[in-house]
Amino acid sequence: MSPPETPLKIEAPLAITMWDFSWIERRWPGAGYESWDLALDELAERGYNAVRIDAFPHLVAENPSRTWEILPVWTTQAWGSPAKVRIQIQPSLSEFISKCAARKIKVGLSTWFRQDSDDLRQAIASPRRHAEIWARTLETLKKDGVLDSVLYVDLCNEWPLYLWAPFFKGGPQGARDWDKPESLVWMRTAVKELRNSFPGIPLTFSFTPEEGPYATPDLSWLDFLEPHLWMANCTSFYRQIDYNYERFEWKGYDALVRHAEKLYRSDPGHWQSSLACRIEDLAEWSRAHQRPLITTECWGVVDYRDWPGLDWGWVKELCEFGVQKAVATGRWAAVATSNFCGPQFVGMWRDVEWHRRLTSQIRSARLPC
């Protein structure tokens, strides 16, 4: 297996967080990102030195300065806006990255291909077009002088899930379908085309590989692997509490309130050991492909929020366990503490010492060799 064509330019593992599309969609008073300076100062205070955000490349490629109407992907979750919202990607994207650079925070670019009122994402008819929209987006960052702060590009979040990549018509579109032949051809082609335009930027696609071990075909064309892993999606946990990722009704949160912590507390060792096994599967996957890992969405439950009857204590306990297991493998180049590490998740965000303790462990770990 050859080394990555474009290695990550880091000297120690990064403590990374996911601010997805919230960084620009959640800017109304009290939403958490109305002041980027404050949010980023608080992120640095907690010890994080990298952030993953949605660059909205399909919209930037069409018209970077246009104001777009974005439709909600859910009303139940606290990522992004629960209602229609109007955003202008540029110059906001370059401004946000420059603020990160001032605080020595690296930026991983990704995209959830958010749906605008014209559903422009459906025009991505080929992997070459997929690469082209990213190239046009990176050109705007190069022009604005902020490209050096870009850590990597993830060409699509959790490829090829229909929720995020509805334009992919080449095959199945579930969480377990990323390594199907049609999907691999698309990814490999898109990565090759984008690398021709921007050879100095590490490239990948993020995945949600729910079950291990991960015996997959050649992935040497990816510079690193970005799996998203939670205890809840790699075990029977959600099935046992009847949680089904409800996006526009509160049935799922009713189930979380009634059953989630009770089920975890009934046998925490069982759920922790199940997570540990999957973490080791990913570490072995990394060794087999000689590619470092980055994980920005993890380790306990997929969906959670500040809500009557929900407590963050057991979630933080499980996430801390996941962080410690991941860094002990020596295979992660960047590690998140959870996918709730943002100012809109007040109960998680305000525990500054918890974040500092975990980010210190991450940043003092060894890099994959």
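**Figure 1. The whole chain is about as spread out as a compact globule should be.** For 369 residues, a compact globule would have a radius of gyration near 21 Å, and the protein chain comes in at 19 Å, so the two agree. Keep in mind that this is a predicted model. Laid along its principal axes, the C-alpha trace covers about 55 × 50 × 40 Å. The fold is built from 12 helices and 11 strands. Of the 369 residues, 61% are buried. Take the contacts between residues at least 6 apart in sequence: 77% of them join residues at least 24 apart. As for the outside, the accessible surface comes to about 13,900 Å², with carbon and sulfur atoms accounting for 50% of it.

**Figure 2. A look into the largest pocket.** This pocket holds about 460 Å³ of space. Its lining takes in 24 residues, and the ones nearest the centre are E158, L163, W164, Y245 and V302. Sorted by class, the lining is made of 12 nonpolar, five polar and seven charged residues. Two of the central residues, E158 and Y245, get their own close-up next.

**Figure 3. E158 and Y245, two pocket residues with positive phi.** E158 has phi near 45°, a positive value, though the residue is not a glycine. Y245 also isn't a glycine, and its phi is positive too, near 55°. Where do they sit along the chain? E158 belongs to the loop between β6 and α6, while Y245 is in the loop between α7 (237-241) and α8 (251-266). Their exposure is worth a look as well. E158 has a relative accessible area of 8%, so it counts as buried. Y245, at 37%, is partly exposed. Both are on the short list of residues nearest the centre of the largest pocket.

**Figure 4. Two cis peptide bonds, each with a loop residue on its C-terminal side.** One cis bond links W159 to P160, with omega of about -5°. P160 is part of the loop that runs between β6 (150-154) and α6 (181-197), and E158 from the previous figure is found in the loop between β6 and α6 as well. The other cis bond joins C298 and W299, and here omega is about -20°. W299 falls in the loop between β10 (293-295) and α10 (313-329).

**Figure 5. The largest cavity, closed off inside the protein.** Rolling a probe the size of a water molecule over the atoms shows where empty space is left. How many cavities of 30 Å³ or more does a search of the whole structure find? Just one turns up. The largest cavity contains about 40 Å³ of space. Around it are H58, L120, A123, I124, R129 and I133. By class, that lining comes out as four nonpolar residues, one polar and one charged.

**Figure 6. I24 and its partners from farther along the chain.** I24 is in helix α1, which covers residues 22-25. Is I24 buried or exposed? Its relative accessible area is 6%, and anything under 20% counts as buried, so I24 is buried. Once neighbours within four places in sequence are set aside, I24 makes contact with F56, I87, Q88, I89 and S92. V85 is 61 residues away along the chain, and its C-alpha atom is separated from that of I24 by 9.8 Å.

**Figure 7. E320 on helix α10 and what it touches.** E320 sits in helix α10. With 16% relative accessibility, this glutamate counts as buried. Which residues does E320 touch, not counting those up to four places away in sequence? They are W354, R357, L358 and Q361.

**Figure 8. V352 meets a stretch of chain from far back in the sequence.** V352 is found in helix α12 (residues 352-363). Its relative accessible area is 17%, so V352 is buried. Leaving out neighbours within four places in sequence, V352 is in contact with E45 and R46. The R46 pairing bridges 306 residues along the chain, yet the C-alpha atoms of V352 and R46 are separated by 5.8 Å.

Definitions and conventions. Residues are numbered from 1 along each chain as its sequence is written. This is a predicted model: local features need pLDDT of at least 70, side-chain atom pairs count only at pLDDT 80 or more; totals for chains, interfaces and linings use all residues. Side-chain values use heavy atoms; hydrogens and water are left out. On a 1 Å grid over the protein atoms alone, a cavity is a set of points where a 1.4 Å probe fits but cannot get out, and a pocket is an open set with protein on both sides within 12 Å along at least five of seven lines; lining residues have an atom within 4 Å of a point. Grid points are joined across faces, edges and corners, and a volume is the space filled by probe spheres set on the points. Ala, Val, Leu, Ile, Met, Phe, Trp, Tyr, Cys and Pro count as nonpolar, Asp, Glu, Lys and Arg as charged, and the others, Gly among them, as polar. Helices (H or I, at least four residues) and strands (E, at least two) are DSSP runs, numbered from the N terminus. The radius of gyration is taken over C-alpha atoms; the globule rule is 2.2 Å times the number of residues to the power 0.38. Buried means under 20% relative accessible area, exposed over 50%, partly exposed in between (1.4 Å probe, protein chains only). Contact means heavy atoms within 4.5 Å. Accessible areas come from the Shrake-Rupley method with a 1.4 Å probe; for residues, only the protein chains shown count as cover.
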